[in-house]
Amino acid sequence: MRSFLDARSLPKGATLETDVAIVGGGPAGISLALALAGAPFRVLLIESGGLQFDAATQRLYAGTESGVSYIPLENTRLRYLGGCSNHWGGWCRPLDPVDFEKRDWLPWSGWPFARSTIEPYFARAQSLVEAGSIVYDDSKTWTKAWGAPLRLASGGVYTTYFQFSKQRDGTLPTHFGERYADDLRRIANLTVCLFANVTGLRLTHDARSLARLDVATLEGNRFAVKPKVSVVATGGIETPRLLLASNDVMRTGVGNAHGLVGRFFADHPIPGQTATLVLFDGRLAPYYQNIQTANGINFRAALAPSDSWRRNHALPGALATVEREVQLDGVGQAALAETAGVLGVDASSMRAFTLGCGMELAPDPDRRLSLAADRDALGMPRLRLDMRISDDDFARYRKTLRELGRQLLSARTGMIRLLHNSRAEWMSVMDWGNHHMGTARMHEDPRQGVVDADMKVHGVNNLYIAGSAVFPTYGASNPTLNLLALVLRLADHLRTGFR
Amino acid sequence: MSVADKMPISRRPFISGLLGIVAVAGIAALEAPRLFPKLFERRYPPTPFDDLFALLPDRENAARLGAALVAAMPRHIDARVVAARVRRKVGGRPLALAIGEDLAQGRLLEAQGWLLPDSLAEICMLAALVERTSVRT
């Protein structure tokens, strides 16, 4: 086969045979294909779109949303080679060790392994996103070049650092399709099939194996792929759609014997302007407000709760970023004057900034994607999202901000104002990170997870899921780097399996 | 009498002098509160809490913050109870010490979202409660 195929030109009713089929050409699918280069088996990467955005293909993503306001399903992702990396911001940071732990206060928490299991894969994941060598919280590199971080009293919140995917011409992070298309073309054991939409995962009659993939093009061509092993890498929204819609053998859908597929949908709420930060002396290292470069690496600081604080205070992941400079109103000026006065601090050079937010949601089985009655142009059922966010999610984030405020006051560095208290106030500034997670969660117990620790679908011996759909909990870090580490681990597993 | 004695005052020096006087008066008016703060300080009638108010940098700011705190309180606030509590915490020491203890123990109150150490916030509340009933002098 040629390395890049156009599915529209394949004969109708054809069957493509391969060893490994990867469904979805986003960051996960492309990275898996790259990681399997040179393996002693054939790989077929199946992508719905082409090399560029196409409106008709994108419309296949349309669905309906109910509950808490969320981004329309058609707009929160992209359906062409590179997938969501075509609109990502490039923020990278490994999940924290506590994110992997089972926490009694957090129902459904606990990955089947510790962070140390995927730790060896971060360096290669970092290379794929072109974010430079791994530095993160080894902060000397940053502070030596750009000055000291904020002085905080000892406590729960600390300065942490993101690294950024390579900025092309100062604007764009790594777009996986554009960046790696030539690399994919050069892989001898890989074929990339574009304009090919997988519309069904067809199981054997005993439901223990995947027999074939049904594939369709928007032009009406339909054909099949017969792989020995398949990996669904279509993201946290499309993955459950494909599993649920493939219900000819398993009436509830593939991998859905326990009704978990599509549940636990999560994203990172990123409401704007959650707090006002006042710095008494007005001094703020520039890496808090904007991306800076040190040793050729792009980075930016954020404020986050430490692992020990989270364990001791039953708190999820959280991040606060310093955004734009603002003026204080009358009450703010009174608060500043009075507080600086009693602390004996000179606040004549003070500056104030808004704080942005990144918040981890608690897993919620009723935050859910399910199939709707209407169908898309290929006859696939569309999705309905019931989006929810609990008052506890807001209250927990507030606790972290209060701790930050306490530490600022204790260090005589500054003070903060919490801008939102009621649910209505939070929702008035709500936005989302477009980080789709949790809908095919990973757990050793099939009653609690769709896939096992190897990301193999429980009960189906040759079907895997790659991507953030498998995250059982979500942390506050952006998912891409972390899902790539999981994908690289999966690549090792597949190579071993074919030996 | 010489001719010069009868000449009218020259207009230019007169205007310059007048502007100078106005400028000096203006600067004095602006700077006086800073130079002589005691003369311009707002005066308050005596209250049972003046020992606590004396710990504040600015009672007017405190009353403004306190009003925000009082408005957010679910129940009626008994000023004497609050004052007794603050006095116990301060114990005749500098307010900064009591505030340090508040912060170490995470005792914070919110005034329209502004996080304030308990002791400061409670004195601010007292200032607001007194302001409600006092007559400005």
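Colleague: What makes a residue of chain A count as buried, and what share of the 499 residues does?
Modeller: A residue is buried if 20 or more other C-beta atoms, placed from the backbone, lie within 10 Å of its own (12 or fewer is exposed, in between is partly exposed). By that count, 52% of the 499 residues of chain A are buried. Mind you, this is a predicted model: local features need pLDDT of at least 70 and side-chain atom pairs 80 or more, while totals for chains, interfaces and linings use all residues. Residues are numbered from 1 along each chain as its sequence is written, with chains lettered from A and ligands numbered from 1 in the order written.

Colleague: Why is helix α1 of chain A called mostly covered?
Modeller: Nine of its nine residues, 27-35, are buried; among them are P27(A), I30(A) and L34(A). Helices here are DSSP runs of H or I, at least four residues, and strands are E runs of at least two, numbered from the N terminus.

Colleague: Why are α5(B) and α8(B) called roughly perpendicular?
Modeller: Their axes cross at roughly 95° and come within 6 Å. Roughly perpendicular means 65 to 115 degrees (under 35 is roughly parallel, over 145 roughly antiparallel, the rest oblique), and therefore the label fits this pair.

Colleague: How do you know that chain A agrees with a compact globule?
Modeller: The globule rule is 2.2 Å times the number of residues to the power 0.38, with the radius of gyration taken over C-alpha atoms. For 499 residues that comes out near 23 Å, and chain A has 24 Å, so the two agree.

Terms used:
Axes are lines fitted to C-alpha atoms, for helices over the stretch in contact, and angles run from 0 to 180 degrees between N-to-C directions.
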